[in-house]
Amino acid sequence: MTTPITALRQQMPCIPPNLEELTEKVLQLRNEVLLAEKTYGGLDHLHPHYRNSARNLLQYLALRLHEVRPLQYELSEWALSSLGRAERKVHATLDTLLRIMHELLNKPWDPGEKPAVCFEDGRRLLEENTEALLGETPSGRRVRIMVTMPTEAADNYRLALQLLQNGMNCARINCAHDNPAVWGKIIANIRRAEEISGLKCRILMDLGGPKLRTGPLEPGPAVLKLRPRRDEWGQVLAPARLWLFDKEKAPILPDNIPALPVDGQWLAKCRQADTIALRDARHAKRKMKIVDVADGACLVELYKTIYLKEGIELCLEHKHKAHHAKLSEVPNREQPIALKAGDILLLTRNNTPGRPAVTDETGKVLQHAVIGCSIPEVLDDVQPGEPIWFDDGKIGGLIERIEAGHVQVRITHAKIGGEKLRSEKGINLPETNLRLSALTPEDVEDLKFVVKNADMVGLSFANNANDVNQVIAEMQKLSNRIPGVVIKVETRQGFDNLPEMILTAMRTPVCGVMIARGDLAIECGFGRLAELQEQILWVCEAAHVPVIWATQVLEGLTKQGLPTRAEVTDAAMGQRAECIMLNKGDHVVEATHALDDILRRMQDHQTKKRTTMRKLHLAEKFFAKTTGTHQLPAYDKASPEISRR
């Protein structure tokens, strides 16, 4: 006898899979998801606001333990939900799908347990959590804009005002730079700009974290070379710039422009549009034009390459009179280490200044190049054969040998012709199990200022749940009101442990995640970056936790005033996050305005995304750690809580 569903199936344009068999597959998936969720244990230790979100996160991770793609394709042939947008409400999506399938089969079905998060709940929870962390939704766009504040914002409130008027919603202060006095001035200027503009701005203070960097280098000659930027034909695109400042006052100046001290009385005579004549270290005649005068400093521009050293005489031409002064102090130039593929570099455990390789007249290496490591104890964790990267991935190598005083590195990656390694450049050990706390003694001290003044605290180089617990505990010692916790994902360990870190941060009233794409790309490989950032977005959406999309967004526009086509597309893709962060630069105001325009244009074209659902290794790793085994408990059909009725 032909049943109604069989007849319907045969009448469809393309005969779909057997619906009864398909329903059994979905039902089994649903029950296994709910069973796996319960293996995590109680959620009573979480903030009440996050408990249902945590359950949904666990359900999503359990769903992604499975290879769902074949099931998705079969469901789509019946024009049913393919589960591709289940992130915010996993249980509700599965139960709604099963209810429709049972209705088509004309069979009763009682799911028993109601979903913790329904369709509208998932959207509402994400919006509420985003507003709690990042502030009110801007008019005309969903995604917030965060801007990293430069040092000059301490003395220039108009910069904060311009940024707010051009679309900034959150300001980031990097605690790795400057000090509480400067941070306080920046915040005061932001608050002043808020009052004038009537706009609101949240403040993220980013803890420095453990700065794993190269050590100092032996000094080279005391000379400063400046040269303008030119095009292919030698025409000047942008002049070289230099601050001259009163050596007795040492005012706060932007850190992206070099500065030299001069006599204060001579400097007081400088006026805008005046000219300073000199002969540089090569005895070449040069002129510098004064383009700005501030308290205790003046900014000059040069249109020819210049070499400056101690003792050079400066002749100020003002009102047809000449006033003379000398450069009394020029810092020693760093002596970088030139490295190419095949070279040996010794990474030492002490802070003795490093040096380039020593060679004889034939080029034979007599002594290998040497450089120190800012946190020498990490060298106790490395193993032979592990990769190491320097300077944002510009130089790569392998650990070859471990000695008592140093680690020997064989360089395997550098541009053709070699690359120069300098001091204070980042070191990444992506495959090393680092026993390194994300919270340094300096961070603990900085937290005293942060808890009083910031809306959010960024936890740099967070690797595991203990790091998140530690920063929460330190803040609780200082205040009953703690800022929102932002987990910065910038290491491989941090990515692998992200679900646990989110669940730990859910102990607090407000939390979020930042995708720090710079270090993350080095740690996990540039080829995997796109995949990893997608997975982070999915997991955070399932947890109803806002995401900050960071690193090199509109970098060309921010730094040079001209964006590339690729970075405009990248900025548009950031629409899937709740906030996009811009770094500081000379053109950051224009970049903020451009990003605001891009996001408004994309607003109606994209919100989040659709996905197919392959097996997610991140989910597998999470449940393996949670249960202590790769094998989850089998579905028990007799279980009263999740059985079919």
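In this predicted model, T93 makes contacts with S81, L83, A86 and F119, when residues up to four places away in sequence are set aside. T93 belongs to helix α5, which spans residues 90-105, and its relative accessible area of 7% falls under the 20% limit for burial, so T93 is classed as buried. A polar atom of the T93 side chain is also placed 2.7 Å from the backbone oxygen of K89.

Helix α5 is in addition one of the packing partners of helix α4, which comprises residues 69-77. Within α4, the residues L71, Q72 and L75 are buried, and, when the helix is viewed down its axis, the buried residues lie within an arc of 100 degrees, so that they line one face of α4. The buried residues of α4 pack against α5 and also against α2, the helix formed by residues 19-38. After α4 comes A79, a residue for which the phi angle is positive, with a value near 60 degrees.

At the surface of the model, L8, I100 and L104 together make a nonpolar patch of about 220 Å². Of these residues, L8 is located in helix α1, which covers residues 4-11. The relative accessibility of L8 is 36%, a value that lies between the 20% and 50% limits, and L8 is therefore counted as partly exposed, whereas T93 in α5 is buried.

Key
Residues are numbered from 1 along each chain as its sequence is written. This is a predicted model: local features need pLDDT of at least 70, side-chain atom pairs count only at pLDDT 80 or more; totals for chains, interfaces and linings use all residues. Side-chain values use heavy atoms; hydrogens and water are left out. Patches are made of residues with over 30% relative accessible area and no salt bridge: like charges are joined within 9 Å, nonpolar side chains (Val, Leu, Ile, Met, Phe, Trp, Tyr) within 5 Å. Accessible areas come from the Shrake-Rupley method with a 1.4 Å probe; for residues, only the protein chains shown count as cover. A salt bridge is a side-chain nitrogen of Lys or Arg within 4 Å of a carboxyl oxygen of Asp or Glu. Helices (H or I, at least four residues) and strands (E, at least two) are DSSP runs, numbered from the N terminus. Buried means under 20% relative accessible area, exposed over 50%, partly exposed in between (1.4 Å probe, protein chains only). A polar contact is a pair of N or O atoms within 3.5 Å; within protein, one must be able to donate a hydrogen and the other to accept it, and residues adjacent in sequence count only if both atoms are side-chain atoms. Contact means heavy atoms within 4.5 Å. The arc is that of the directions from the helix axis to the C-beta atoms.
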